[in-house]
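Work through the exercises below with the model open. Each task is followed by a stepwise solution.

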Amino acid sequence: MNKTLISASVILALFLSNIKAFTQVLHTENFNVVIDTSKTVKGNFTPSFRYRNLKDDFLEISNTADVSLRINKHAFTIANRVEYSFFGDEDILSGGFLYLEYMNLQNKKIAFEPFFQVHWNEVRGLKEKYASGMNFRWRALEKKSTGLFFAIGSFYEFERWGYSGVKEELLPPNTDPVESSKIRANSYISFKQKFGSLFDLDISGYYQPAFSSFFSNYRLASSFELTYNITKFLGLRLLYQNIYDPDPLVPIDRLYHDINFGITLTF
């Protein structure tokens, strides 16, 4: 038990001290995926507290929930998030998402992933985003405590941005909302590891280039999640995510960090 705790702590320290930028990317591999387990139903509820370094101090209380159901070769996932925030002296309802996914198992290694997403994040300026597409998911490695997964696909997205996340000195004369619609490629890699019954580790990376400008208009994102399992159903979760967009629609930071610590209820 002590060796497991020390190993996990070392991995966490190394990762957080060396991770690079790989916002509007939804880190879907952090949801429970029932297709990667022997369970028929799997769910997760995570109330949390968050701090972000935006143009004013930002504190947030939020809840994320996701549930997956598997019937033979078919799996359905629904996930949502609601965030209540304090931005400087102002109280705001800052954002959230709704994510729907269907998985069809073709065999033990390959699955199809059609999905639909609605996303909003007022503190960064994202007023609304709609996205829909499909991935091909490959189980490269799957053992009792280890999993390695790859996916490739494409999706259509529509985004509408305002300037609520832009610093005052960077505001343009015209602050009307900006809209964009694109077809993007999508790829991700996901690594999952259990350290006995105490810790669950989940690391993933995403690359989303636009087909119209494959090497200049892209997004990189990564996620690191470590859960300490107090009991079979209750845990403490540390989640670090980042997103890099070299050419955002409004003048916000290209690199976005997000650190989240909360309690996880799992069934």
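A salt bridge is a side-chain nitrogen of Lys or Arg within 4 Å of a carboxyl oxygen of Asp or Glu. Keep in mind that the model is predicted.

**Exercise 1.** Check the pair Asp202 and Lys192 against the salt-bridge cut-off, then place both residues.

Solution.
- Step 1: the closest N and O atoms of Asp202 and Lys192 are 2.9 Å apart. The cut-off is 4 Å, so the pair forms a salt bridge.
- Step 2: Asp202 sits in strand S9 (residues 199-210) and Lys192 in strand S8 (residues 178-195). They are 10 residues apart, and the pair links distant parts of the chain.
- Step 3: both Asp202 and Lys192 are buried.

**Exercise 2.** Which strands does the salt bridge between Lys129 and Glu157 tie together?

Solution.
- Step 1: the side chains of Lys129 and Glu157 meet at 3.2 Å, N to O.
- Step 2: Lys129 lies in strand S6 (residues 126-142) and Glu157 in strand S7 (residues 146-161), so the bridge ties together parts 28 residues apart in sequence.
- Step 3: Lys129 and Glu157 are both buried.

**Exercise 3.** Are Arg219 and Glu159 buried or exposed?

Solution.
- Step 1: Arg219 and Glu159 form a salt bridge, with 2.9 Å between the closest N and O atoms.
- Step 2: Arg219 belongs to strand S10 (residues 213-229) and Glu159 to strand S7, 60 residues apart.
- Step 3: buried means under 20% relative accessible area. Arg219 has 2%, so Arg219 is buried. Glu159 has 3% and therefore counts as buried too.

**Exercise 4.** Put the bridges in context: how many salt bridges does a search of the whole structure find?

Solution.
- Step 1: the search finds 14 salt bridges.
- Step 2: Lys129, Glu157, Glu159, Arg184, Arg219 and Asp245 are linked in a network of them.
- Step 3: the protein has 1 helix and 12 strands. From the N terminus, the helix precedes the strands.
- Step 4: of the 267 residues, 47% are buried.

**Exercise 5.** Classify His119 and Asn72 as buried or exposed.

Solution.
- Step 1: His119 lies in strand S5 (residues 110-121). Its relative accessibility is 8%, so His119 counts as buried. The side chain of His119 makes a polar contact with that of Gln117, at 3.5 Å.
- Step 2: Asn72 is in the loop between strand S2 (57-71) and strand S3 (74-87). Exposed means over 50%. Asn72 has a relative accessible area of 66%, so Asn72 is exposed.
- Step 3: check the backbone of Asn72. Its phi is positive, about 55°, although Asn72 is not a glycine.

Note on methods
Residues numbered from 1 in each chain as written. Predicted model: local features only at pLDDT ≥ 70, side-chain atom pairs only at ≥ 80, totals over all residues. Heavy atoms only, no water. Helix = DSSP H or I, 4+ residues; strand = E, 2+ residues; numbered from the N terminus. Buried < 20%, exposed > 50% of the residue type's maximum accessible area, 1.4 Å probe, protein only. Polar contact = N/O pair within 3.5 Å; in protein donor to acceptor, adjacent residues only side chain to side chain.
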